[in-house]
2 protein chains.
Amino acid sequence: MKQRVSTRFSMAIHILSMIAVKHTEQTGDEIARSVNNNPVVIRRVIGMLKRAGIMDVRAGVGGAFLLKTPEEITLLEIYRAVNEIEENDLYAFRIHEDSNVGCPVGRNIESVLHSEFAKAQAAMENQLGSTTLSQLIPRFI
Amino acid sequence: MKQRVSTRFSMAIHILSMIAVKHTEQTGDEIARSVNNNPVVIRRVIGMLKRAGIMDVRAGVGGAFLLKTPEEITLLEIYRAVNEIEENDLYAFRIHEDSNVGCPVGRNIESVLHSEFAKAQAAMENQLGSTTLSQLIPRFI
DNA sequence: CACCGTTGAAACGTTAATCGTTATAACAAT
DNA sequence: ATTGTTATAACGATTAACGTTTCAACGGTG
């Protein structure tokens, strides 16, 4: 199993969908049962979503709720929340450092790559940003 | 230092640019000097680029050469080479598995996420695929 | 107020990938 | 044959993901 990418994003969408759809009890254990994972893992993701201001939980029984409407929550917002990404953070790519400035390629590679990678990441983010949680809900029948 | 993403892609573009530009000797050691890294790491990346049919190396002194023109080599092709990605491989995202099919969300989450993630990844790949090595070369002055 | 289920968070171990390094073998040019 | 280059295996350190156990804090209900 490749672990270089987290499943937190995937689980976060699952969790928020559960809350938005409200088919069942909304306890962490019930959500964990749907995701089929340990409740602590679910709470970890919920913690990140809370910190990002997407949802909150009233201590006590099943007190999870969204802080925005599903129309306002984009996948990009969720993606950034669970990966702790700031805006303008080149997250999807990494550039090797300390290239030799004595070489024309080494001297310019970082700025060239930064602009190219930023364009590729922006393309992905634009797509994620154009989809809202509300667009997914009808598909959970 | 975050290691969840490899710098191989970044180094691969550096390596191929060196070969395309030919400012210096083309030995692995000389490339390693520009990238400022261990020659073995460079050869590892070169090995992946060879396997992908992008370049080849004649054993002996500095025998590295491209198998296509810089106009034909896209960043997407390089990206796939160094990450060993097949077409239609959902690489940039991962979906948690074994969701509970007894729950409407759990039952549908995988197909919903797969189509959404595929769109986001395709957006990124379209951008990478629209840029060629030749477009970068003029910037290495 | 006491109890019980829920939430929150720390801590630990396992697994997997990155990546720098050393060592060794094979090969080409001179 | 010698020398420099390439190819590859192997090792260890580092880091992130993630499942699990454990315990403290809190709310609602009786």
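Trainee: Buried or exposed: which word fits Pro138(B)?

Mentor: Pro138(B) sits in the segment after α6 (133–136) of chain B, where helices are DSSP runs of H or I with at least four residues, strands are E runs of at least two, and both are numbered from the N terminus. Its C-alpha and that of Ile78(B), 60 residues away along the chain, are 19 Å apart. Buried means under 20% relative accessible area, exposed over 50%, and partly exposed in between, with a 1.4 Å probe and protein chains only. At 55% relative accessibility, Pro138(B) is therefore exposed.

Trainee: Good start! What kind of model is this?

Mentor: Residues are numbered from 1 along each chain as its sequence is written, while chains are lettered from A and ligands numbered from 1 in the order in which they are written. Side-chain values use heavy atoms, leaving out hydrogens and water; local features need pLDDT of at least 70, side-chain atom pairs count only at pLDDT 80 or more, totals for chains, interfaces and linings use all residues, and the model is predicted.

Trainee: How many of the 14 residues of α1(B) are buried?

Mentor: α1(B) reaches 19 Å from its first C-alpha to its last, close to the 20 Å expected at 1.5 Å a residue, a span taken as 1.5 Å times one less than the number of residues. Its buried residues include Phe9(B), Ile13(B), Ser17(B) and Val21(B). The helix is largely enclosed by the rest of the structure, because the buried count is 12.

Trainee: And how are α1(B) and α3(B) oriented to each other?

Mentor: Axes are lines fitted to C-alpha atoms, for helices over the stretch in contact, and angles run from 0 to 180 degrees between N-to-C directions. Here the axes are 10 Å apart, at an angle of about 85 degrees. Under 35 degrees counts as roughly parallel, over 145 as roughly antiparallel, 65 to 115 as roughly perpendicular and the rest as oblique. The two helices are therefore roughly perpendicular.

Trainee: How many nonpolar residues has the contact of α1(B) with α3(B)?

Mentor: Contact means heavy atoms within 4.5 Å, and among the residues that meet are Arg8(B) and Ile15(B) in α1(B) and Val45(B) in α3(B). Ala, Val, Leu, Ile, Met, Phe, Trp, Tyr, Cys and Pro count as nonpolar, Asp, Glu, Lys and Arg as charged, and the others, Gly among them, as polar. The contact has one charged residue, no polar ones, and a nonpolar count of 10.

Trainee: How many charged residues are in the contact of α2(B) with α3(B)?

Mentor: These axes come within 9 Å and cross at roughly 105 degrees. Among the residues that meet are Gly28(B) and Asp29(B) in α2(B), and Pro39(B) and Arg43(B) in α3(B). By class there are five nonpolar, one polar and, for charged, two.

Trainee: What is the phi of Asn36(B)?

Mentor: Most residues other than glycine have a negative phi. Asn36(B) lies in the loop between α2 (28–35) and α3 of chain B and is partly exposed at 46%. Although not a glycine, Asn36(B) has a positive phi of about 65 degrees.

Trainee: Lastly, what kind of axis relates the two copies?

Mentor: Chain A can be laid on chain B by a turn of 180 degrees and a shift of 0.0 Å along the axis, with an RMSD of 0.0 Å, superposing by least squares on C-alpha atoms of residues with pLDDT of at least 70 in both. The copies are thus related as by a rotation axis that is two-fold.
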